[in-house]
Amino acid sequence: MTKTSSRLDKIRPSVTLAVTQKAQELRSRGVDVISFSAGEPDFATPGHIVEAAKTALDKGMTRYTPVAGIPDLRQAVAAQSEEVRSVSCKPEQVIITVGAKHALFGFFQAVLDPGDQVVIPTPYWVSYPDQVLLAGGEPVFSRTTAKNNWTLTPQDLEKIAGPKTKAVVINTPSNPTGALYSREATEAITEKALSMGLWIITDEIYRDLIYDGARHVSPLSVASDGGARVFVVDGVSKTFAMTGWRIGWGIGDPDVIKAMSKIQGQSTSNPASMAQAAALAAITTPADFLPEWLREYRDRRDVMVQGLDAMPGVECVTPKGAFYVLPDVSAVLERMGGDVTDVDLATLLLEKAQVAIVPGSAFGAPGHLRFSYATSMDAIEAGIIRVGETLAKL
Ligand SMILES: Cc1ncc(COP(=O)(O)O)c(C=O)c1O
């Protein structure tokens with residue numbers, strides 16, 4: 001076998017993408033698979049956004065753009081950030097990236113030195129640890145629990161952080177838990193991190209997908225130093241159903257943005273020109289479609305949570321945001337005996353119930369399963385019945 005770079009030795013392929021692919025393979029062989037593995041909205045990108053990209057193409061917007069993004073989009077992102085986070089923001093504090101994922105990647109590359117530690121609360125989104133490793137850093141994990149609303153507390157941070165710790169990642173609402181930090185919890189962790197001299201990376205890609213009248217509070221909005229050590233990650237992928245367009249952004253210290261631009265200039269050059277035009281239309285036009293989508297997500301969440309909660313051995317809290325539920329299935333695993341894991345259970349559910357679910361271990365949450373409700377109500381109702389019937393036989 002060809003020996004590839006040793007940098008990759010510790011890197012895992014994305015488990016969520018692997019499950020989605022396995023489900024697609026089964027489907028292509030004619031198996032009727034219901035997938036709860038999606039990490040993306042099932043809605044189509046709204047028509048006016050698609051039209052903006054078509055217009056950009058018709059106008060010949062088919063060339064390289066400035067590395068950090070087209071000026072109008074950087075300006076619009078800065079204006080939007082001022083509006084939603086109530087902190088002044090200049091275009092030079094913004095870099096447009098190839099999806100939010102690449103904003104995170106660029107930040108870690110720009111800021112970490114070999115051996116620098118980054119605190120990642122578990123359960124975590126799958127890419128954080130591997131991106132830290134790729135940048136030569138060391139992910140260190142702090143466990144959060146459903147009982148504590150999956151929240152990293154100042155005490156947790158103090159316990160885990162040491163002299164090599166450089167940053168902490170906060171993701172609210174969260175993938176995979178759907179949990180939303182309260183204002184108090186956000187203030188507490190932000191102040192603690194800043195008092196320890198750490199960077200706060202706040203991944204806010206799900207900040208618009210919130211239910212039951214709850215509100216997202218950004219660490220940037222509550223940072224007593226005005227946010228000099230806060231790096232915001234955001235984008236159009238989830239709110240506007242634009243995952244394939246690959247437009248995200250980072251907001252932070254202009255020096256970090258410059259460093260990230262250097263990296264971007266030597267890697268992607270710039271995000272696709274017409275996709276940037278579409279993103280500009282997305283964030284500068286009223287999102288009239290969103291209330292209806294949010295109602296739909298909330299209804300699906302409620303049906304999924306009720307269905308899961310009714311299954312013996314499955315414990316589920318109602319998440320306030322994103323489109324994921326992370327039930328605790330450890331009682332089911334115990335019932336199955338011995339060393340059965342969440343990975344075994346997810347495999348069994350795919351094979352026996354033809355339902356694709358991502359095992360919690362992928363997110364550093366063994367004993368759990370992650371269900372996505374970014375799929376139709378019909379699929380949710382049918383899939384929950386299949387899961388319930390299969391679990392009842394175990
Ligand atoms: C928590 C979190 N952050 C970032 C991303 C990446 O978003 P994008 O598709 O814009 O790269 C995802 C996508 O699944 C996510 O769940």
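Me: In what sense do β9 and strand β12 pair, and over how many bridges?
Reply: This is a predicted model, in which local features need pLDDT of at least 70, side-chain atom pairs count only at pLDDT 80 or more, and totals for chains, interfaces and linings use all residues. Residues are numbered from 1 along each chain as its sequence is written. Strands are DSSP runs of E, at least two residues long, and helices are runs of H or I with at least four, numbered from the N terminus; two strands pair if DSSP finds at least two bridges between them. For β9 and β12 (residues 369-372), the pairing is antiparallel, over 2 bridges.

Me: Which residue of β12 is the bridge partner of V325?
Reply: β9 covers 324-325. The bridge partner of V325 in β12 is F371.

Me: Which strands stand at the edges of the open sheet of 3 strands, and why is one side of each left without a neighbour?
Reply: The strand order is β9-β12-β11, with antiparallel pairing. Each edge strand has a single partner strand, so one side has no neighbour in the sheet; these strands are β9 and β11 (358-359).

Me: How is the protein divided, and what distance separates the centres of the domains?
Reply: The bounds come from an automatic or database domain assignment. Domain 1 is 6-44 + 289-392, and domain 2 is 47-284. Taken over C-alpha atoms, their centres are separated by 25 Å.

Me: Which element gives the most to the side of domain 1 that touches domain 2?
Reply: Residues are in contact if their C-beta atoms, placed from the backbone, lie within 7 Å. The contact takes 33 residues from domain 1 and 28 residues from domain 2. On the domain 1 side, α1 (15-28), α11 (290-309) and β9 each supply at least two residues. With 5 residues, the one that gives the most is α11.

Me: Where does the largest nonpolar core lie, and which helix gives the most to this core?
Reply: Such a core is a set of buried Ala, Val, Leu, Ile, Met, Phe, Trp, Tyr and Cys residues joined through C-beta atoms within 7 Å, where buried means that 20 or more other C-beta atoms lie within 10 Å of a residue's own, all placed from the backbone. Of its 121 residues, those touching the most other members include F107, V325 and V355. Both domains give residues to the core, so it lies between them. The helix that gives the most, with 9 residues, is α10 (residues 273-284).

Methods. Contact = placed C-beta atoms within 7 Å. Buried ≥ 20, exposed ≤ 12 C-beta atoms within 10 Å, placed from the backbone.
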